[in-house]
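Welcome! Open your viewer, get comfortable with the selection tool, and let's take a walk through this structure together.

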Protein chains: 4
Amino acid sequence: MASTYDQYREDVAGRANVTDTPELIRYYRELEELGTGALWTVANKIEPWEPASPSVPIIWRYNDLRDRVMRALELVTPEQAGRRVVYLANPARQDVVAAVGWLYSGLQVMAPGECASSHRHSASALRFIMEGEGAFTNVDGHKMTLGRNDFVLTPNGTWHEHGVAEGGTPCIWQDGLDIPLMNALDANFYEVHPDLNQAVTYPVDDSTATWAGAGLRPAGQDWSKRYSPLFKYEWEPTYEALQRYARVTDGSPYDGVHMDYMNPLTGGAVMSTIGASIQMLRPGERTRAHREVGNFVYQCAKGSGYSIINGQRFDWQERDIFVVPSWMFHEHCNASESEDACLFSFHDLPVMRALGLYRQEALAENGGHQPIAV
Amino acid sequence: MASTYDQYREDVAGRANVTDTPELIRYYRELEELGTGALWTVANKIEPWEPASPSVPIIWRYNDLRDRVMRALELVTPEQAGRRVVYLANPARQDVVAAVGWLYSGLQVMAPGECASSHRHSASALRFIMEGEGAFTNVDGHKMTLGRNDFVLTPNGTWHEHGVAEGGTPCIWQDGLDIPLMNALDANFYEVHPDLNQAVTYPVDDSTATWAGAGLRPAGQDWSKRYSPLFKYEWEPTYEALQRYARVTDGSPYDGVHMDYMNPLTGGAVMSTIGASIQMLRPGERTRAHREVGNFVYQCAKGSGYSIINGQRFDWQERDIFVVPSWMFHEHCNASESEDACLFSFHDLPVMRALGLYRQEALAENGGHQPIAV
Amino acid sequence: MASTYDQYREDVAGRANVTDTPELIRYYRELEELGTGALWTVANKIEPWEPASPSVPIIWRYNDLRDRVMRALELVTPEQAGRRVVYLANPARQDVVAAVGWLYSGLQVMAPGECASSHRHSASALRFIMEGEGAFTNVDGHKMTLGRNDFVLTPNGTWHEHGVAEGGTPCIWQDGLDIPLMNALDANFYEVHPDLNQAVTYPVDDSTATWAGAGLRPAGQDWSKRYSPLFKYEWEPTYEALQRYARVTDGSPYDGVHMDYMNPLTGGAVMSTIGASIQMLRPGERTRAHREVGNFVYQCAKGSGYSIINGQRFDWQERDIFVVPSWMFHEHCNASESEDACLFSFHDLPVMRALGLYRQEALAENGGHQPIAV
Amino acid sequence: MASTYDQYREDVAGRANVTDTPELIRYYRELEELGTGALWTVANKIEPWEPASPSVPIIWRYNDLRDRVMRALELVTPEQAGRRVVYLANPARQDVVAAVGWLYSGLQVMAPGECASSHRHSASALRFIMEGEGAFTNVDGHKMTLGRNDFVLTPNGTWHEHGVAEGGTPCIWQDGLDIPLMNALDANFYEVHPDLNQAVTYPVDDSTATWAGAGLRPAGQDWSKRYSPLFKYEWEPTYEALQRYARVTDGSPYDGVHMDYMNPLTGGAVMSTIGASIQMLRPGERTRAHREVGNFVYQCAKGSGYSIINGQRFDWQERDIFVVPSWMFHEHCNASESEDACLFSFHDLPVMRALGLYRQEALAENGGHQPIAV
Ligand SMILES: [Fe+2]
Ligand SMILES: [Fe+2]
Ligand SMILES: [Fe+2]
Ligand SMILES: [Fe+2]
Ligand SMILES: [Fe+2]
Ligand SMILES: [Fe+2]
Ligand SMILES: [Fe+2]
Ligand SMILES: [Fe+2]
């Protein structure tokens, strides 16, 4: 039982501003006994003027992580561990195992010749390949070979398993999922495949061969799923698309040459609850700050630079991972004057958009640049 | 720093099953220092076999609440309190001030001649009128007069204010909002109206006069908002619709004569994040149990009976409020052999549907009826 | 073979303006032999500055038609005729049996105890009941009883049959169909029901009982058809909706108190290719002229007045039928200073909208009123 | 006035079968005088059992046309002619200047240094480049350079002008439009650009650079138009997409390796009223016959072979154009055992789909192959 109830008072017309009195405290305690409370004691707390994410901006550097991830190969077997993954925990979100907001991320490692058991779940998942040769994934019978910076989906409800070919090398990739959101929404289901492994029932890489024709789709093929039929977005055509687009655009003032991975049948996000984007900062490019309703997990796919998030500077280079929590100002800078820099990101914008919650705001002051906190 | 990491082990193929060893514990602590962790130590916890809502089923009886709600009239002024509301707190969701899941509910009271200050917010809101004469609400300039069992929307982003006419009586209504969800999603904005009060800019009750013509809509009127242009659903035509529908349907085995309040322009939910329904249990009707991904707040609008939720029986009569958490079995029974019983409910199904998460399941055993826990 | 090819010349920059020469005429004839032609000889004809409908405005007065329609009862049997219908032929559209544009209309008569054989077709159909007691229709097993000014759908692809109850009186209704459009699009299929008659498989009038609850829909009932699940729009609630709406609207300057019959699940037109509307002109109301891309068939459901269409005045009273061809100015006037007047109409706006072709334009001059041609 | 009214009789239950009598003929003539008629005299004609297109299958061979098209360069100036185009007239559709159904097609020629005046219209247009160097088109300020087999859109309502660069060669392309449909629907508007020519306001070929990234779209760019933002579909990536898709598909039994050009933001047709497709017949491939509700204009883009349409064989080679009318059986054969053959086509399927009219049917007999009429 609380001893004070008026800690959220605000002296603003239209806001709750009730001082505790002995009589009121008695009343509040009566209410508590009935499983209730007085709204005005918490109204200003639960109706903030603007979002105040509990997540903090943070970076995980690959230099620090790579060895630890590799060590998992020796420490546990895939049979014991299910998947050998080092997850990234936002200091304020450890209880829900989130990297930021309700988004989970981890680094998974597999050795050549290994293949994890097949399963499916309500959580939507994606992978961004960081290093190694021979990785593959099988999503509902569609086997895909995976190379560096390839981006691949394992949408919610699909049976999936991952592995590395016998002749390959240890592979590390970033996993992105919305496990925390599925739990928060009390909507998380999990199933192990009855056969533990699933068959490859389509020609290898058929998804890309079928659905990655720009401006072309197979005639007469219906697709009623809520996620993209294109499961793999290869790096080479992605990088080429950035280059081509860069020739005809000034880019976004906040994000440079910025493209969204999309479901080619809808123009929308690749999955219902997770979207993904790629952006290129041209040599020396420094963007202006804005903030968005949405949580972002970034990985540097190429080059180096820094981002200023909520007034804090984070320097990144290839393979580093950092997060931008909802409604925090962020701006990016390519530190090189000669090379471009590319940032891959995944985010919960599809959730925000589906629920009508997305908004963004540019930083007006100071030429659009945040003062850096010391 | 935890001392044990293997409490979630499951001895099932495809699930994590790693026993703590000194070497592993050292490894886990190293990971923690880097803001990371080993997925296999938490995988079974964060990937449950099915949803396990922290919310509990609970009932708030109007007999217990009414006096306390009325007392708020004496204890605080609208100027101090903003709104005089007693909120309903689910034991496991007090921290987020939710009645169930991420849904907020409270009982608001106003005296004749009072009018609360105007504001708007990201949260979507609804009201279900419980008692009193003369209540009104003004949503973006559309003033609506409110009677018993009327259901009214104040969609997210609309300026709104409520009041009771000079000649009225003290009025109590149930508020339903998704404040907790807006906070959870880091998407909650709040604004007080610059003039504190807003003008009535349309003929009184124009929303119903315009949009409640069954099968008819005003020609040439566009509406691009994501919520229903029909803001008020009056009780009389609602109850008549139930009666008419009852004549030609067997009803749902789980919910009796069950209708959703809808946006007449889309057939969809009344708002993006909150839906509402009304169901009639015919005299003596007892439904079978099912469970759904979704959280429900019920209010008995007419009659009396009981519901069995997760094996627990809750008896209700007019004005009582109870909740059904996600994925818990529930069944309803009208205790009267002569009168019908009506349950109003609001829920987060629009969220579940927008994100592709909705599913339901009937209870197969025992004729579809839950054993009641003692 | 034509003797002159330059009859469509226009002396306007950007338009074709080629004078016949012997050499050119030889060239044109060569082209003709190859199944081709020179675009510039017809370009100005096939690319007019604005639509020039071949249909003409016309009125059919019930006083003239009623006896002839009734005589069909004696002249032919339903078995011989299929349906006893007098169709309305626009002078310029007799070849395609259209009343205006690609819309067909006719007056059908049935005697008590008769029931026409069941069939289905690609054409969408509707009925507006003009007189008589005991009419019914059965659409895919949903039997509906029909009264004066009731509006009922028989959407494309549905099995349907019509009849009049034994105890009824001879009934006349207006049929509206898009038979001419289906033929024009080479998309018309027709089937006779294998049993010649179909069973009533739902409670009588279940469609209205289920789907005509304003702002309410049956929970858990899916509907994936492209037409409204509400098949019958009864006159009484329709007229009430007009009255209610009239209290809060100024109405359209062109159409008075104007409502569209809608699919309650989409807010859209009742069928894919035919829409329907109802409009009320208040006592003495005289609207201003506008023109629209779309063809309209009107029936006066109540009162009397006149419309000016393309500069021609047409006086109408209850049950008279008149048409407005695409892109012709039209305005309406209620001739009574004490009674309201109601016009039912059906039209091809859903086609125009589906193909992105709808536009409208108000008459700017002369206070929005057309000079009347003498 | 007709002398006989019973020529459409059918002796089938449910169909009209009324024999002329003197009394009936008197009645029919009375009806005619009132601008009406008896439905049963025409019902069987206007409600056929299945579509019977007036269009006929026909081929136009480039060998026959090319010289005539080129001669237009000498015979008329662009200023006089507007556009120098030889249109293709289906024998049964000459009155509406259609190649098939309501689709127009023509071969346009331009000399180096020429540029036609800018205009816009309700008709949707496309171009498929047949020969020549240096062609370009400017659509709403987006200039595009055009090469052989490139497919380019000029959607309805866009300002457009075409030309050939000074250093180019005479260029011929196929125009495809729905001018006849726009006229049939009384919806055709035409405007000449106020400046006769329009500026290039975007980087050359920006549409492709922006929107042709497979599975990628520019972030933050909205597009609310009803047509594809990708205006040009270049041949090289199109042919590559066919090759890639061919590696993982058996292809359609009716159409080989068959892809639709699509709006990358919707997965739908490139324009509201005209769609386009490309199909590859592998060496020796012979498809089976089916029929569809929809009209098709084909151009052979590569290789040679033949199609059997409604029992008639049409041999084609590169640049030949032929049509398939609605609901006529058609099958295709690649005559080469070593080379693939590619057919470009445009069609009115978007209209059929928008109105819910599309259906198809395979030929069941004779192994799916039509007997060839002699
Ligand atoms: Fe997984
Ligand atoms: Fe951003
Ligand atoms: Fe509020
Ligand atoms: Fe339920
Ligand atoms: Fe019919
Ligand atoms: Fe009009
Ligand atoms: Fe044009
Ligand atoms: Fe075909």
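In which sense do strand 18 and strand 23 of chain A pair, and over how many bridges? Select residues 296-302 of chain A for strand 18 and residues 341-347 of chain A for strand 23: the pairing is antiparallel, over 6 bridges. To find one place along this pairing, click on A:Phe296, which stands opposite A:His347 in strand 23 of chain A. Keep in mind throughout that you are looking at a predicted model.

**Stop 1: the sheet around that pair**

Now widen the selection. Strands 18 and 23 of chain A belong to an open sheet of 7 strands, paired in the antiparallel sense. Its order is 2(A)-21(A)-18(A)-23(A)-16(A)-15(A)-13(D), with the letter giving the chain. Select residues 58-60 of chain A (strand 2) and residues 216-218 of chain D (strand 13) to see the edges of the sheet: each has a single partner strand, so one side of each is left without a neighbour in the sheet. From one strand to the next, the twist averages 25°.

Next, add residues 235-246 of chain A, which form helix 7. This helix lies across strands 15, 16, 18 and 23 of chain A, together with strand 13 of chain D. Helix 7 runs at about 140° to strand 15 of chain A, which you can show by selecting residues 257-261.

**Stop 2: a sheet shared by chains A and B**

Which strands make up the next sheet, and in what order? Following the order 1(A)-3(B)-4(B)-11(B)-6(B)-9(B)-14(B), you will trace another open sheet of 7 strands with antiparallel pairing. The edge strands are strand 1 of chain A (residues 36-38) and strand 14 of chain B (residues 232-233), each of which pairs on one side only.

Inside this sheet, select residues 125-131 and 171-177 of chain B. These are strand 6 and strand 11, joined in the antiparallel sense over 6 bridges. Click on B:Phe128 here, and look for its bridge partner in strand 11 of chain B, B:Gln174.

Helix 1 of chain A (residues 22-33) packs on the sheet, touching strand 1 of chain A together with strand 3 of chain B (residues 85-88). The direction of helix 1 of chain A makes about 155° with that of strand 1 of chain A. Then bring up helix 2 of chain A, which lies across strand 1 of chain A as well as strands 3 and 4 of chain B. Helix 2 of chain A runs at about 80° to strand 1 of chain A.

Stay with helix 2 of chain A (residues 39-46) and colour it by burial: it is mostly covered, with 7 of its 8 residues buried. Among them are A:Leu39, A:Trp40 and A:Ile46.

**Stop 3: two helices from two chains**

Select residues 62-75 of chain A (helix 3) and residues 22-33 of chain B (helix 1). The axes of these helices come within 12 Å and cross at roughly 165°. That makes helix 3 of chain A roughly antiparallel to helix 1 of chain B, and their crossing is left-handed. Show the side chains where they meet: A:Arg68, A:Val69, A:Arg71, A:Ala72 and A:Leu75 on one helix, and B:Glu23, B:Leu24, B:Tyr27, B:Glu30 and B:Leu31 on the other.

**Stop 4: a covered strand in chain D**

Are the residues of strand 23 of chain D buried or exposed? Select residues 341-347 of chain D: 7 of its 7 residues are buried. On one side you will find D:Ala341, D:Leu343, D:Ser345 and D:His347, and on the other D:Cys342, D:Phe344 and D:Phe346.

Strand 23 of chain D pairs with strand 16 of chain D (residues 275-281) in the antiparallel sense over 7 bridges, where D:Leu281 stands opposite D:Ala341. Strand 23 of chain D also pairs with strand 18 of chain D (residues 296-302), in the antiparallel sense over 6 bridges, and there D:Phe296 stands opposite D:His347.

**Last stop: a proline in a loop**

Click on D:Pro57, in the loop between helix 2 and strand 2 of chain D. D:Pro57 is buried, with a relative accessible area of 11%. Beyond its neighbours within four places in sequence, D:Pro57 is in contact with residues including D:Ile309, D:Phe314, D:Val323 and D:Met328.

Definitions and conventions
Residues are numbered from 1 along each chain as its sequence is written. Chains are lettered from A and ligands numbered from 1 in the order in which they are written. This is a predicted model: local features need pLDDT of at least 70, side-chain atom pairs count only at pLDDT 80 or more; totals for chains, interfaces and linings use all residues. Side-chain values use heavy atoms; hydrogens and water are left out. Two strands pair if DSSP finds at least two bridges between them. Helices (H or I, at least four residues) and strands (E, at least two) are DSSP runs, numbered from the N terminus. Axes are lines fitted to C-alpha atoms, for helices over the stretch in contact, and angles run from 0 to 180 degrees between N-to-C directions. Contact means heavy atoms within 4.5 Å. Buried means under 20% relative accessible area, exposed over 50%, partly exposed in between (1.4 Å probe, protein chains only). Angles under 35 degrees count as roughly parallel, over 145 as roughly antiparallel, 65 to 115 as roughly perpendicular and the rest as oblique. A crossing is left-handed if the near helix is turned anticlockwise from the far one by less than a right angle, and right-handed if clockwise.
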